[in-house]
Amino acid sequence: MLNKISNERLIWIYTHMVRIREFEESVKRTFIEHPGVIRGHSHLGDGAEASIVGTLSTRNEKDLVMPSYRCHGYPIVLGTPMRAMMAEVFGRKDGLCSGFGGSMHLADPSRYFPGTSGIIGQSIAHATGAALTAQVKKTGQIVYCFFGDGASKQGAFFESLNMAAVWKLPVVYALENNQYQAYTHFRLEDANAIAGHPLSKKAEAFSIPGVTVDGTDPIAVREAVDQAAARARAGQGPSLVESKFYRLSAHGNVITVPPLPTQFPEHEAVAVYGNKKEYEEWKAKDPIPRFRAKLMSDGVLTGMDASRIEEEARNEVEDAVKFALASPFPAAEDAVRYVYA
Amino acid sequence: MAREMMYGDAIAAAIAEEMQRDPNVVLYGQNLAMTERDPMLKKFGKDRVRIAPISETAETGIAVGAAMTGLRPIVELWMSEFMLVAFDQIINEAPRMHYMSGGQVKVPLVFKAGYGFCAGWAGQHSNCIYHTMMGIPGLKVALPSTPADAKGLMAASIRDDNPVVYLHHYMLTLDKGEVPDDEYVIPLGVADVKRAGTDITIVATGWMVKKSLAAAEQLAKEGISAEVIDPRTLAPLDIDTVVRSIKKTGRLLLVDQAPRHSSAAAVIAGEIAEHGFEHLRAPVKMVTALDASIPYSETLENYVVPNEDKIVQAVRSVMARQAVSA
């Protein structure tokens with residue numbers, strides 16, 4: 001179980017939150033600064049940093065991490081070089097997946113990040129399968145399965161949680177309720193929400209623990225996930241942790257048809273629902289300045305430390321962008337290389 | 001050493017041998033290993049042999065995730081149509097992961113299901129849907145037509161580092177044949193000449209191989225020598241063996257239990273049009289199921305699905321054609 005968290009660990013959490021934010025903002029800027037460089041559809045995790053890092057702060061060295069296509073934040077915490085990540089987002093030869101996957105399909109199995117699916121909810125089954133491997137091979141690993149509120153309406157969610165509960169698989173289901181399923185507010189499509197219940201109530205259907213936590217507070221997330229992780233490690237099976245926060249960018253870049261360049265629109269709250277007030281209220285709860293203020297008032301972090309962390313993250317991301325822009329495109333004839341293993 | 005064995009038992013033997021050989025192979029499915037008396041459960045334990053709920057999406061998706069992380073799952077899906085419930089996992093997850101990761105992850109798994117059950121199962125349990133899967137890059141599709149092939153292709157499917165859809169034909173389940181006792185692995189992507197001949201090449205899979213061989217016997221009495229080729233896997237598809245055969249015979253009949261427009265025959269015909277046209281002395285002919293669902297009543301079912309007579313008549317009609325460039 002969780003010991004009192006050290007100052008070093010608190011700063012580790014803050015540092016990774018800042019690194020994720022800088023990476024995502026840089027991806028977003030790319031649509032303006034280097035139009036056309038990012039193709040297809042990219043999805044950002046700004047707003048999710050406290051939830052991602054708080055969750056992964058409970059992770060042991062070999063535990064597996066399996067999120068959805070909104071997948072930039074996790075490998076950053078696992079130590080995947082940003083250069084390879086950005087080069088992949090830019091479709092370059094030096095990309096993490098040699099330019100075969102792009103933003104939605106980052107994979108770094110050597111760092112316990114086996115890969116992601118672009119089809120909403122389907123990766124919940126993959127993460128459950130990874131937990132089966134851990135159980136059968138008795139590796140002692142647990143699996144962190146991240147997915148959004150939208151995915152919790154998929155059949156894959158219900159079938160996987162049932163099977164994980166039946167088989168007592170070592171998996172933590174981290175439901176990231178960022179409040180919008182693509183463009184639709186979760187209160188328009190979730191039976192629990194409509195009844196005034198938290199989404200973690202779904203856990204009751206499988207007779208497993210379910211808890212809802214403030215996903216803008218990394219320490220609250222860490223404490224909730226730690227219990228779920230302990231249960232998984234003890235062979236008692238899965239748990240569902242709903243981490244409620246707010247996605248600060250739109251679902252993804254606008255889907256455009258060439259030659260129109262891809263670009264990022266305003267958040268759905270504003271662009272679709274005309275609800276600027278809601279967006280501003282959540283923006284005011286941005287987890288990064290809040291956590292920085294808390295660490296500073298607790299005397300864990302000085303202003304100088306904070307500035308240094310931010311500057312280092314910015315430099316790391318700038319270096320990654322330079323590297324990615326300079327990286328060549330893959331050789332066209334390589335397209336048939338990885339059809340079969 | 002070989003011994004006579006039923007097709008269904010040959011599949012089970014291959015699974016048991018591979019599970020014995022490799023501790024990473026696991027088996028699960030609905031209504032499987034329900035009691036402690038189950039022989040596979042007894043032999044391999046409840047970690048490796050499991051009963052699954054009626055949850056095809058999770059069953060197949062869990063196999064994908066397990067395969068990505070080091071197991072070699074076999075999912076017993078029973079009927080190929082049940083895969084339709086989980087088609088995202090089979091078509092758009094399992095075969096994509098290796099490619100999308102730039103070759104970093106492998107997805108070695110077997111989706112096992114029966115198909116083509118022409119015994120009054122009507123519209124939703126008798127179909128041939130392999131055409132939908134054979135064109136998916138990264139997915140392999142095996143369709144054994146004999147007990148020996150059933151064993152050898154299952155062993156190869158389990159050992160393969162790619163997702164394999166292994167489709168066994170329900171109508172062949174009780175058929176007997178010589179099956180090698182020991183390790184027996186048939187490479188995926190290699191066709192087999194089931195009967196040598198000189199006048200016409202017949203390409204067929206599954207139950208249709210048996211029908212084609214029976215037709216060839218009948219035709220032999222008329223002095224027509226038919227060569228029968230079973231591709232054994234539709235992906236990879238061994239077109240070279242077919243081309244080699246038509247160089248000799250100059251004629252090609254494609255027999256397929258699937259409806260004409262979703263048949264493997266249509267794909268093979270296209271390949272031969274491009275790669276074998278100059279060897280043909282008559283146009284390619286296809287004997288497929290009609291473009292209809294499978295009906296319940298036996299008279300109706302027989303009308304829709306290819307049979308020995310339809311094959312014989314089709315061969316006669318091809319033989320009667322004048323040479324294309326005579």
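Chain B of this predicted model is divided into two domains, with domain 1 covering residues 2–180 and domain 2 covering residues 192–320. The centres of domain 1 of chain B and domain 2 of chain B, taken over C-alpha atoms, are separated by 26 Å. The points below follow chain B from the contact between these domains, through an open sheet of seven strands, to the contact with chain A.

**Contact between the domains of chain B**

- Domain 1 of chain B contributes 24 residues to the contact between the two domains, and domain 2 of chain B contributes 25 residues.
- On the side of domain 1 of chain B that touches domain 2 of chain B, the elements that give two or more residues are helix H6 (130–134), strand S6 (140–142) and helix H7 (147–159) of chain B.
- H6(B) gives the most to this side of domain 1 of chain B, with four residues.
- By class, the residues on the side of domain 1 of chain B that touches domain 2 of chain B comprise 13 nonpolar, nine polar and two charged.

**The seven-stranded sheet of chain B**

- The seven strands form an open sheet with mixed pairing, in the order S3-S2-S4-S5-S7-S6-S12 (chain B), and S6(B), placed in that order between S7 and S12, is also one of the elements that give two or more residues to the side of domain 1 of chain B that touches domain 2 of chain B.
- Strand S3 (49–52) and strand S12 (233–235) of chain B are the edge strands, each of which pairs on one side only.
- From one strand to the next, the twist of this sheet averages 20 degrees.
- Strand S5 (residues 109–115) and strand S7 (residues 163–169) of chain B run parallel and are joined by seven bridges; B:Phe111 has B:Val165 in S7(B) as its bridge partner.

**Helix H3 of chain B and the contact with chain A**

- H3(B) lies across strand S2 (25–30), S3, strand S4 (72–79) and S5 of chain B, and runs at about 160 degrees to S4(B).
- The contact between the chains takes 36 residues from chain B and 35 residues from chain A.
- Helix H3 (56–68), helix H4 (87–93) and helix H5 (97–100) of chain B each supply at least two residues of the side of chain B that touches chain A, and H3(B) gives the most to that side, with nine residues.
- The side of chain B that touches chain A has 15 nonpolar, 15 polar and six charged residues.

Definitions and conventions
Residues numbered from 1 in each chain as written. Chains lettered and ligands numbered in written order. Predicted model: local features only at pLDDT ≥ 70, side-chain atom pairs only at ≥ 80, totals over all residues. Nonpolar A, V, L, I, M, F, W, Y, C, P; charged D, E, K, R; others polar. Pairing = 2+ DSSP bridges. Axes fitted to C-alpha atoms, helices over the stretch in contact; angles between N-to-C directions. Domains from an automatic or database assignment.
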